[in-house]
Amino acid sequence: MAIQWFPGHMNKARKAIAERVQDIDVVIELLDARLPASSANPMLAQLTRNKRALKILNKQDLADPQVTRLWLDHYNGQPNTRALALDAGDRAPTQKLITACRDLVPHRGGLDKPLRVLICGIPNVGKSTLINTMTGRRVAKTGNEPGITKSQQRILLADDFELFDTPGMLWPKILVEEGGYNLAASGAIGRNAMDEEEVSLVLLGYLMRRYPDALCQRYKLDSLEGLQDVDVLEAIGRKRGAMLGGGRVNIQKAAEVVLTDFRAGSTGRITLERPEEWVVWLKVAREREAQRLVDKAAREKERQGKSAAE
């Protein structure tokens, strides 16, 4: 699936982060606990190289708890990195985050050496909501559509703890195909940049493999045996009354039902990727990209050869 999503304000965010990160001690990256690796911005990793990192697996109340533990172990095993899981029910996340950041940079603190922290995350990952919860007031705009926060702001969480907020930012090219679908399923990508029917079919395919019981329970399906993803989507459309004339299923409406239910957690606590799966997906994606570049270079060489012959 080709995703076109890099509006102007995201390019400005990239430049702002590149400038700000020079004075930063810790980078907090908010990840979607349902798709931790897919929601990790590779551009951010380049911009914040060699900085201490705190990975926050947000929305853990929507994710599979067993898989969340796998991801926490994965990130906590990386150098200069800590990982925590938060959810919408956590009403006192401030101290957890401050403590984790201080543990990462114990030599910073006090009014003469305030701890400077940058918080980043992709659109719609819940960053603004988290900041508002930590401060106890509405200092960041929130919404269900990606790209709400569009400017930087400085927030004082303690006398010697400065938090710098940044706009949600995706990256120009999503290399891992599965990651693109997962981002689209989560709502991180605007509706105009994706095909909801296609995304819902990929989502259903994963649920059929990993969470068949939850899928059957949510949509009152007797069995998935012998069914393809499109069959399940049509069955869901019939169950939910998404119908057109002549007994035909309104596939678009059925797809919207599937995506809305997943995003709200109505389908169950689901995670769309595991650490070992991501390793395989990333390897395949890199091999595919390397081959694409080889093919591109060969075509360019051939073109130049023809031009010289003429």
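Tutor: Quick ground rule before we dig in: helices are DSSP runs of H or I with at least four residues, strands are E runs of at least two, and both are numbered from the N terminus. Also keep in mind that this is a predicted model.

Student: Okay, let's use that. N50 lies in the loop between which two elements?

Tutor: Look at the elements on either side of N50 in sequence. The helix there covers residues 42–47 and the strand covers 52–58. So with helices and strands numbered from the N terminus, the loop holding N50 lies between α2 and β2.

Student: Is N50 buried or exposed?

Tutor: The cut-off for exposed is over 50% relative accessible area. N50 has a relative accessible area of 72%, so N50 counts as exposed.

Student: How far apart in space are N50 and P79, C-alpha to C-alpha?

Tutor: In sequence these two are 29 residues apart. In space, the C-alpha of N50 and the C-alpha of P79 are separated by 10.0 Å.

Student: Next door to P79 is N80. What is its phi near?

Tutor: N80 sits in the loop between α3 (65–76) and β3, and at 41% relative accessibility it counts as partly exposed. Its phi is positive even though the residue is not glycine. The value is near 55°.

Student: And K220, what is its phi near?

Tutor: K220 lies in the loop between α8 and α9, and it is exposed, with a relative accessible area of 60%. K220 is a residue other than glycine with a positive phi, near 55°.

Student: Now the sheet. In what order do the 6 strands of the open sheet come?

Tutor: The pairing in this sheet is mixed. Reading across, the order is β3-β2-β1-β4-β6-β5.

Student: Which strands stand at the edges?

Tutor: An edge strand has a single partner, so one of its sides is left without a neighbour in the sheet. That fits residues 81–85 and residues 153–158, in other words β3 and β5.

Student: What does the twist average from one strand to the next?

Tutor: That average is taken strand by strand across the sheet. It comes to 25°.

Student: How many of the residues of β1 are buried?

Tutor: Check both faces: V26, I28, L30 and D32 are buried on one side, and V27, E29 and L31 are buried on the other. That makes β1 largely enclosed by the rest of the structure, because its buried residues number 7 of the 7.

Student: Which residue in β2 is the bridge partner of D32?

Tutor: β1 and β2 run parallel, joined by 7 bridges. Across from D32, the partner in β2 is N58.

Student: In β4, what is the bridge partner of V26?

Tutor: β4 (residues 115–121) also runs parallel to β1, and 5 bridges join them. For V26, the partner in β4 is V117.

Student: Which residue in β6 does L156 stand opposite?

Tutor: β5 and β6 form a hairpin with 2 residues between them. The two strands run antiparallel, with 5 bridges. In that pairing, L156 stands opposite E162.

Student: Is D25 buried or exposed?

Tutor: D25 is in the loop between α1 (8–20) and β1 (26–32). Beyond its neighbours up to four places away in sequence, D25 touches R52, V105, R108, P114, L115 and R116. Buried means under 20% relative accessible area. At 16%, D25 is therefore buried.

Student: In the largest nonpolar core, which residues touch the most other members?

Tutor: Nonpolar side chains tend to be buried together in soluble globular proteins. The core here has 87 residues, and those touching the most other members are I28, L54, L97 and L163.

Student: Which element gives this core its largest share?

Tutor: That share is 7 residues. They come from α7.

Student: How far apart are the end C-alpha atoms of α10?

Tutor: Helix α10 has 14 residues, 251–264. At 1.5 Å a residue, the helix should span 20 Å, and the model agrees because the end C-alpha atoms are separated by 20 Å.

Student: Which helices do the buried residues of α10 pack against?

Tutor: The buried residues of α10 include I251, A254, V258 and F262. The buried set packs against α6, α7, α8 and α9.

Methods
Residues are numbered from 1 along each chain as its sequence is written. This is a predicted model: local features need pLDDT of at least 70, side-chain atom pairs count only at pLDDT 80 or more; totals for chains, interfaces and linings use all residues. Side-chain values use heavy atoms; hydrogens and water are left out. Buried means under 20% relative accessible area, exposed over 50%, partly exposed in between (1.4 Å probe, protein chains only). Contact means heavy atoms within 4.5 Å. The expected span of a helix is 1.5 Å times one less than its number of residues. Two strands pair if DSSP finds at least two bridges between them. Axes are lines fitted to C-alpha atoms, for helices over the stretch in contact, and angles run from 0 to 180 degrees between N-to-C directions. A nonpolar core is a set of buried Ala, Val, Leu, Ile, Met, Phe, Trp, Tyr and Cys residues joined through side-chain atoms within 4.5 Å.
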